[in-house]
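User: I'd like a close look at a single part here: the empty spaces shut inside this protein. Could you walk me through what surrounds them?

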Amino acid sequence: MKYRKLANTDLLLSEVTFGAWAAGGWMWGGTERKDAIDAIRVSYSLGVTSIDTAPIYGQGTSEEIVGEAIKGLQRDRVQILTKYGMRWDLKKGDFAFNSKKNSGENIDIYKYAGKESIIKECEDSLKRLGTDYIDLYQIHWPDSTTPIEESMEAVSRLIEQGKVRYAGVCNYDAAQMAEAEKYITLVSDQVPYSMVNRGIEAELIPHCLENNKSILAYSPLERGLLTGKIRPGHLFAPGDHRKDVKFFKEENLRRTDEFLDLLKPLAAEKHLTLGQLVILWTLQQPGITITLVGARNSEQAIENAKAIDSSLSKEEIATITDYLEQLELTV
Ligand SMILES: NC(=O)c1ccc[n+]([C@@H]2O[C@H](COP(=O)([O-])OP(=O)(O)OC[C@H]3O[C@@H](n4cnc5c(N)ncnc54)[C@H](OP(=O)(O)O)[C@@H]3O)[C@@H](O)[C@H]2O)c1
């Protein structure tokens, strides 16, 4: 495994950081708890020391699973990244969505990052994770009903109390980051970035490079799509949100499949799976600090972690990027 520093901190994260959303099962058609715990433990044994989770993932389940998986490990050898600001048990803030369509469960989710709410969420997360501090604490989504100042001041208090080491954000644009920076030092923005989802290249990446902020790229495998296993005609399990996501529309599956065919000879030549090639390409893009990669079981986790045993040359990266130019997805 290789490690990279977040911004100008002493916080080193593994290039493949374990993403524990699917581990919570919610919106992914369920997950076996034991498989998720095994996946985190085997990842750790391969050097994946950083884990990203959130209270909303399974409404506490993902954080509990992470807590169980890291029990007994030396705390300062693990980096815990979690979030606040998505409430399922309080109807306040911006209504985000009802999860019936995405998971089968009829839950109203709100984006809310008021001060008291953050303080309570942090206490709950610490309990579920079985720890007394969080390495990186991130707002999950912007909340238009609370001034950014209020949210960041709450996180500053948590840092003063030693419950949080560093503040980050997720899904913030450059202007929201600049506003937050008036009240706190941000170290990172966690945003979607994959070969087929490169929207942040225009504005956010230049902003972060200029201001020395780290970008944590989420869904780098585009939720499994770029492993090549989700092909035209694919049927998702009940409760799997991907069936309604644009990347998984039949026409996009067909086009992505053709693109992935172009990558196969290079992957074979380098003894890599498509997913490993995709992770390596993502990590070499300007401004990307680490990849947050989800895994539902040990097999996937091992494959993802082992990507880092290899590397891509500048020429290989350029070849892949050229192939990408030919890929156009429908909306
Ligand atoms: N801040 C935010 O708003 C936000 C949003 C999304 C994600 N995230 C974070 O980013 C993490 C990663 O994103 P993600 O889970 O959405 O997407 P991802 O990492 O692109 O894809 C993960 C999924 O791909 C499949 N997969 C993974 N490794 C595989 C392998 N080696 N072979 C075959 N299939 C494999 C698994 O699903 P199947 O086996 O079911 O196909 C897995 O759940 C999340 O866990 C979360 O921590 C944050």
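Analyst: Let's start with some vocabulary: the helices and strands here are DSSP runs, numbered from the N terminus, and lining residues are those with an atom within 4 Å of a point of the space in question. Also keep in mind that you're looking at a predicted model.

How do you find empty space in the first place? Rolling a probe the size of a water molecule over the atoms shows where empty space is left. Searching the whole structure this way turns up 2 cavities of 30 Å³ or more.

Take the largest cavity, with its volume of about 40 Å³. Its lining is made up of Val 16, Phe 18, Ser 43, Val 48, Val 293, Ala 295, Ala 301, Asn 304 and Ala 305. Two elements, strand E3 (16-19) and helix H10 (298-306), each give at least two residues to that lining. H10 makes the largest contribution, with 3 residues. Sort the lining by class and you get 7 nonpolar residues, 2 polar ones and no charged ones.

Now for the second largest cavity, which has a volume of about 30 Å³. Around it you'll find Phe 18, Ile 40, Ser 43, Tyr 44, Val 48, Ile 51, Ile 70, Leu 73 and Val 78. Here the largest share of the lining, 3 residues, belongs to helix H1 (residues 33-45). Charged residues are missing from this lining too: it has 8 nonpolar and 1 polar. Did you spot the overlap? Phe 18, Ser 43 and Val 48 appear in the lining of the largest cavity and again in that of the second largest.

So where does Phe 18 sit in the fold? Phe 18 stands opposite Ile 51 in E4, and Ile 51 is itself one of the residues lining the second largest cavity. The strands E3 and E4 (residues 50-52) pair in the parallel sense over 2 bridges.

Zoom out a little and E3 and E4 turn out to be part of a closed barrel of 8 strands, with parallel pairing, that runs E3-E4-E5-E9-E10-E11-E12-E13. On average, neighbouring strands of this sheet are turned by 30° against each other, direction ignored. Helix H9 (residues 274-283) packs on the sheet, where it touches E3, strand E12 (214-218) and strand E13 (288-294). The direction of H9 makes about 155° with that of E13. Val 293, from the lining of the largest cavity, falls within the residue range of E13.

There's a record to match against this. UniProt, in an unreviewed entry, places the feature "domain: NADP-dependent oxidoreductase" at residues 16-322. That span is 38% helix and 18% strand, and its end C-alpha atoms lie 25 Å apart.

For contrast, try an open space. The second largest pocket holds about 170 Å³. It is lined by 13 residues, and the closest to its centre are Met 195, Val 196, Leu 327, Glu 328 and Leu 329. This lining does include charged residues: it divides into 7 nonpolar, 2 polar and 4 charged.

To pull it together, both cavities have Phe 18 in their linings, and the strand E3 supplies at least two residues of the lining of the largest one. Follow E3 onward and you're in the closed barrel.

Technical notes:
Residues are numbered from 1 along each chain as its sequence is written. This is a predicted model: local features need pLDDT of at least 70, side-chain atom pairs count only at pLDDT 80 or more; totals for chains, interfaces and linings use all residues. Side-chain values use heavy atoms; hydrogens and water are left out. On a 1 Å grid over the protein atoms alone, a cavity is a set of points where a 1.4 Å probe fits but cannot get out, and a pocket is an open set with protein on both sides within 12 Å along at least five of seven lines; lining residues have an atom within 4 Å of a point. Grid points are joined across faces, edges and corners, and a volume is the space filled by probe spheres set on the points. Helices (H or I, at least four residues) and strands (E, at least two) are DSSP runs, numbered from the N terminus. Ala, Val, Leu, Ile, Met, Phe, Trp, Tyr, Cys and Pro count as nonpolar, Asp, Glu, Lys and Arg as charged, and the others, Gly among them, as polar. UniProt positions are given in the numbering used here, feature names are shortened, and annotations may be inferred rather than shown by experiment. Two strands pair if DSSP finds at least two bridges between them. Axes are lines fitted to C-alpha atoms, for helices over the stretch in contact, and angles run from 0 to 180 degrees between N-to-C directions. Contact means heavy atoms within 4.5 Å.
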